Each structure stands twice: as structure tokens, then as C-alpha cells.
Amino acid sequence: MRLKGTGKANRNKRERGVMIAVAALGFTTFLMAAGLAVDVSNFYAAGTELQNAADAAAMAGAMSLNNTVPGGGISSAVARATAVANSYNFNVASVNIPAGNVRFAKNLSQFDNNGTGWDAATASSATNAPTVRFVRVNLQPQSVKVYLAKMAFGGANSVTFNRRSIAGQSASAFSAAGTANDPGLTTITNLSRLVLVEDNVGTGTLSTVGTCSGGNRVYTKGCVYNTNMTPPCDALSATYEVIKGNTGSAGSDLNKQMLIPLNGCYSKDTVHDANTHPASVNIRSGLNTIFNDYADSNTSLTVSGIGSQFATEFPPDTNIKESITYAQYKAGTSTTAPMAGGSVRPGATAGRRILIMGIMKKSTWFNPPGNDGAYEYGTFQTYKYGAFFLTKRPTSTGRLTLEYIGDRVMVPGGGGCATGASNTLTTTQTADMASGFSAPVLYR
């Protein structure tokens, strides 16, 4: 005899069993999906982190290219690219790359279809060095652990990532003098507030150091000059003016203003307000830090200067050897490392002895009296810009010894500064304005 309700109870048990199985399967699927989402998110973050390292390394390498013989900046590019890549940490370990992972090319097409471009030795040859425009950095393969979704990855315990990046000189690098289709750099950024003066209306000559063919009236590449701080309310040949105004985090601190580049983008005939009463002690306090000389160490200052507590914010150059040429500095053949407490000072930065400076003509100095009758409100125009190597620390009177760099110099981009064609300047004007500069660009 069949009891009433027994069939229904069995059916309910079967349904509950099916629902439990479905729920278990659904929960398992949910866990797998959640695990996959976690792992994929981890992979995305890891890939982004590695790509950032590759991009930073490639841009650092591109900043060293100068298209000169010998070398073309190739060895420096390798050193800077590997140093930047190796400074990144990934999964607690350094992203180490060998020098052979830094490759070079004249044209981007050399990297198409897994093209390898040139190694450093080939790129440094007398034939190739003047033509190198691009740097590619290949990171070493990096493994990322699979945590929760091994089944989705065939049971693998890790996934390997490869990242590479290509950076190089802006399109104007080989036509800085300007052409109809490519007028060259039209604006400059990272500008020093020190502006050199040429006398185009009188007989004033520049103070050259050693032999300088044709460079006694106009600043000429390859020549070395002594230039003095301008007297108040005047502009004389072989002197420099100081641009007035706050500069970012330097604010009104005149010492720090010597070190922090001017904000914004600057082009030919930019008009600047002049600091008509600059002080040599501020020039010296600021620029001395480039040579690891802070106000509390080697220099006796009459006003408070930049102390060594600011060495992280204003690090010295990696080579503080004085009275050397730019060629020696670039080649690293005569060096002195900045020391602190018996070891190399942390945070030292290469290239800090290179100043991007404006050059003005004496005739553009305009200094009318103010409402009080005092000559305090001068202005001037910069008609071109140059890269200058600071050969040694400023003197107590603010005298600077500068070598006008003959190489093409890579200047940092940013700030929305234009590097391509412009309707603002003619090609001749651009040749005056920015001959010898190029900007680094991230291409791939």
C-alpha cells in the first residue's frame, strides 16, 4: 500500500538535490569568474606598470641622443635607459635589463615586423651616429602569478609579460633650421631665468675664453664665455639679465628661482620683465648646488641660501668636476662624484649643468622710470635660445663661465609646447629661435 504524500516528498527531495547541484555549479562558476576578474585585473595592473617602466626608459635614452660624431650620445642613452628601467621595482624585484636590450634606429621602419634596429656599437659608428633618432627598450620577460583562475589559463601557475617602448627625437630634429614642411621647434620649455646679452647697437664685445672663431660679438656654438651679472638698470655686452617673477614651487625665493625652470612655453621675441636689482649671492647660492655646494657646506654666504636639507629637491649633477669641457663631461673622461657623508650623494642627477638660456640683443632693453621716477620696470626680448654648459661654480660676484654647446640638445617637452609646424614663425625666425634643439617623443 502506497502512503499518501510519499511521491511528493520524493519529488521534493529530488528537486532540492538538483537545486543544490545547480547552486553548487553556479557558485563554482561565480568563484571562477571572480577569480578570473581578480587575475585579469592583476595582469592589467602589472602590464601597465611594466609599460610605464619601458616608456620611461625609452624617453630617458632618447634624451641623450645628440647626432654627433663620435658616439652620437649612444653610450649615454644606453646608460640612462638601463638605469631608469633598473630603478623600477616589479613584484618587489628590480626590472633589470641588459645593455643589449637598448636598440637604435634611423627610421621607425627598422623596428617594423620585429625588426631589431642597430645595437649600440653599430649605432655609434661615424656613419650612423649622426642619423640616429629612435631608441627602443625591450624589458626582460616578467612572470605574473596566477592566483584564482588557473583553469582559465590551462592550469598555468604564471603568465609571462613582454613590454617594449620606442621613443625618439621630434620630427624637427634634422631640420632645426626650418623647412617649408617642418619649421622646427617653435617654442622652448624648461627655460632658465638667466638671459645673455649681445650688443647689436655698439662696440661691446663678449668675453671669450681661449680661441673662439667669430664669437666675440655673437654667442657662437663651441665657444666658452665669461659673462657677468648686469649692473642695475642697464644691459651691456658680456652680461646677463635675470627674468623677474615667481616660478612654481620656488615662489619668491631668489635662490631657488635659479634652479627651477620657468613655467610655460617661450618663442622668438618673447618679452620678459627684468629683475633690475639681482643679487650675486642668490645666483651663487642656487647654482652652487649643482656642484654639491650647499649654503651650509663650502660656501660662506651673507644671506640664507639653499642648505643641504634641500639636496633631494635640488640634487647636484652626477659629475661636479670643474673647469672641464662639455666634450669631457659628455664622455665622462674627467669626473668627480658628489659626496655626502663619505658616499655618493643620493638623488644626484645627470645633465643639471646644462642650462637652456635665452639670448637678447641690447637694443631690446627697455627700462622706463616707474611712477616714483625710479628705473625699476625694465623689459627685454629673447630673440633666440641656446644650451650652455656651466663649466664651474659662479664667482662671488656672480660671474658665470659657460660653453655654448654645439651638439643638438634634447629638451624636455611638456607644458603643451609645440614642436611641429606653426603659422606663427617663418622658417628663418625658427632657425634663430631654436636651432640645435629637439624634443623627446614617445612613438610606440
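Biologist: What makes helix α5 (residues 280–288) count as mostly covered?

Modeller: In this predicted model, nine of the nine residues of α5 are buried, and because buried means under 20% relative accessible area, the helix is described as mostly covered. The buried residues run through Ser280, Val281, Asn282, Ile283, Arg284, Ser285, Gly286, Leu287 and Asn288.

Biologist: What covers the buried residues of α5?

Modeller: The covering elements include the strands β8 (194–198), β10, β11 (239–242), β17 and β18, together with helix α4 (254–257). Contact here means heavy atoms within 4.5 Å.

Biologist: Why is strand β18 (residues 400–404) called largely enclosed by the rest of the structure?

Modeller: Five of the five residues of β18 are buried, so the strand is largely enclosed by the rest of the structure.

Biologist: Which residues of β18 lie on one side, and which on the other?

Modeller: In a regular strand the side chains alternate between the two faces of the sheet. In β18, Leu400, Leu402 and Tyr404 are on one side, while Thr401 and Glu403 are on the other, and as all of these are buried, both faces are covered.

Biologist: How do you know that β18 pairs with strand β10 (residues 224–229)?

Modeller: Two strands pair if at least two bridges are found between them, and β10 and β18 are joined in the antiparallel sense over four bridges, so the definition of pairing is met. Within this pairing, Val224 has Glu403 of β18 as its bridge partner.

Biologist: What makes β17 (residues 384–390) a partner of β18 as well?

Modeller: Strands β17 and β18 run antiparallel and are joined by three bridges, which satisfies the requirement of at least two, so they pair. Leu390 stands opposite Leu402 of β18.

Biologist: In what order do the four strands of the open sheet stand, and why are β3 (102–105) and β21 (440–442) called its edge strands?

Modeller: The order is β3-β4-β7-β21, with antiparallel pairing. Strands β3 and β21 are named edge strands because each pairs on one side only. From one strand to the next, the twist averages 25°.

Biologist: How do you know that β7 (residues 164–169) pairs with β21?

Modeller: Three bridges join β7 to β21, and the two run antiparallel, so the requirement of at least two bridges is met. Gly168 has Val441 as its bridge partner in β21, and Ala167 stands opposite Leu442 of that strand. Strand β7 also pairs with β4 in the antiparallel sense over five bridges, where Arg136 has Ile166 of β7 as its bridge partner.

Biologist: What makes β7 count as mostly covered?

Modeller: Five of the six residues of β7 are buried, and the strand is therefore described as mostly covered.

Biologist: Which helix lies across β3 and β4 (134–138)?

Modeller: Helix α2 (residues 74–86) lies across them, running at about 140° to β3.

Biologist: Why is Ala350 called partly exposed?

Modeller: Its relative accessibility is 43%, and since partly exposed covers what is neither under 20% nor over 50%, Ala350 counts as partly exposed. Ala350 lies in the loop between β14 (343–344) and β15 (354–361).

Biologist: Which residues does Ala350 touch, leaving aside those up to four places away in sequence?

Modeller: Ala350 touches Asp317, Thr318 and Tyr329. The C-alpha atoms of Ala350 and Pro316 are separated by 8.3 Å, although these residues are 34 residues apart along the chain.

How values were computed
Residues numbered from 1 in each chain as written. Predicted model: local features only at pLDDT ≥ 70, side-chain atom pairs only at ≥ 80, totals over all residues. Heavy atoms only, no water. Buried < 20%, exposed > 50% of the residue type's maximum accessible area, 1.4 Å probe, protein only. Axes fitted to C-alpha atoms, helices over the stretch in contact; angles between N-to-C directions.
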